[in-house]
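Hi,

Here is the structure I said I'd pass along. Have a look, and my notes follow below.

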Amino acid sequence: MYIATEEDLLSEIEDLKSRLSEAQEAIDAIKNGSVDAFAIRKDGTPEVFTLQSLDYAYRVLIEKFSEGALNLTLDGLIIYSNGYFSRLVDTPNEKVTGSYIFDYISAESRQKFREQFALALQGCSKTEITLRGKNKDVPVYVSLTNLQPQLSTVGMIVTDLSDKKQYEQLITGHTETLRKKNVELEHLNKSLDQFASIASHDLQEPLRKIKTFTALLKAQSNQTLSGESNKLIEKIRKSSERMSLLISDVLNFSRIVQIKDMFVKTDLNQILNNTLIDFDLLILEKDASVSIGDLPVVEAIPLQITQLFYNLVGNALKFTKTGKPAFLSISSRMLSPDETGNEFYSRFNLNSQFAYSEICFKDNGIGFEQQFSEQIFSIFERLHDQEQYSGTGIGLALCQKIAQQHHGGIRAQGKEGDGAAFYVLLPLTQSTNAVS
């Protein structure tokens, strides 16, 4: 028969005191709401008993979080989880509570999370991992904080990164696409530069011969040719010189890298005169009369403005009425500051700090219905029969691009059977920011 010694009894009493003290601490924790649950091991298996905290407002706030919130024991047992986390891992909350957090970490993130969890036991840690849900993996950002000495637990906040990752993938995809397009554009620019050099050389050579033969013809036949023939020879000479100049401009244009370097003071009167010279035969053929007003000097890209004028004058002479002499009026006016900022011109995003000129090309041709005034600037858009009126439908689209390139705009007014008017808006000067 075992008889307890005094020493054994004292030891037992001390043990009971210790347990009673722990029990009292637990009771106090329950009373002040500082614990969420008890984790009790029974036969080596943890059982979690949740408690109704006295701090109800705190619990409501946690449950309303748009982030996951958990309370973990020091070995990773979940003793509290809000509804958001349960939805992330697609598991009922009652099953989440009492399980281990490591069960919800994807295999590739588990070692990383264990390392961060160990760091959190010393204070806090943050990292990105992947949670393992029932139907899909979820990228998340977790923040772990040791709650000791107040609580022997680790708090964990979980932020869903799914939308962020999708956006990053989208941006990465667009960036890669843009990079490839830039490479393609670089190769294309090199090819165009080579083409421009070759084309300019190959085109200049026959032009030189035309000028040489024209000069010889004029010198040898000056006495035998009529005055009209000499005029035609002179026109050939001037046209070949104009063509040579245009080829040089194209070559120079292709070599300029920065657009701000292309803008120079440009007399629009000179551009218009050269354009009308190119169309002099068609003007005679159409029995057309042209009225010209005074045009301004603007900062522009001469080659592009030449192309713009060429297309607008060409259209006016192309879309004429059968049996009626063509008429084309070209004039300009300055926009007032009030006009620059009003609703009518707002679609062009004009800068009210700059002065703008409006150049009008008005004809008495076949016109168009006003409902098509925007459509006609679409590339390859044609309103008229191709067999009757030649062209690709790209001319007005190019005009719009050129006007926009000059930080201006273009609009059209017309009436079916009663002519058309095109208004080109150009700033007199280009700001440093606008052309850089």
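In what order do the five strands of the open sheet run? The order is β4-β3-β7-β6-β5, with antiparallel pairing. (Strands are DSSP E runs of at least two residues, helices are H or I runs of at least four, and both are numbered from the N terminus; two strands pair if DSSP finds at least two bridges between them.)

Before going on, the caveats: this is a predicted model, where local features need pLDDT of at least 70, side-chain atom pairs count only at pLDDT 80 or more, and totals for chains, interfaces and linings use all residues. Residues are numbered from 1 along each chain as its sequence is written, and side-chain values use heavy atoms, leaving out hydrogens and water.

Back to the sheet. Its edge strands, each pairing on one side only, are β4 (78-81) and β5 (124-132). From one strand to the next, the twist averages 25°. (Angles run from 0 to 180 degrees between N-to-C directions, and axes are lines fitted to C-alpha atoms, for helices over the stretch in contact.) β3 (residues 68-73) pairs with β4 over three bridges, antiparallel, and Leu72 has Ile78 of β4 as its bridge partner.

Then the helices. α8 (residues 268-278) and α10 (residues 302-318) have axes that come within 9 Å and cross at roughly 50°, so the two are oblique (neither under 35 degrees, over 145, nor 65 to 115). Among the residues making the contact (heavy atoms within 4.5 Å) are Leu272 of α8 and Phe309 of α10.

Cheers
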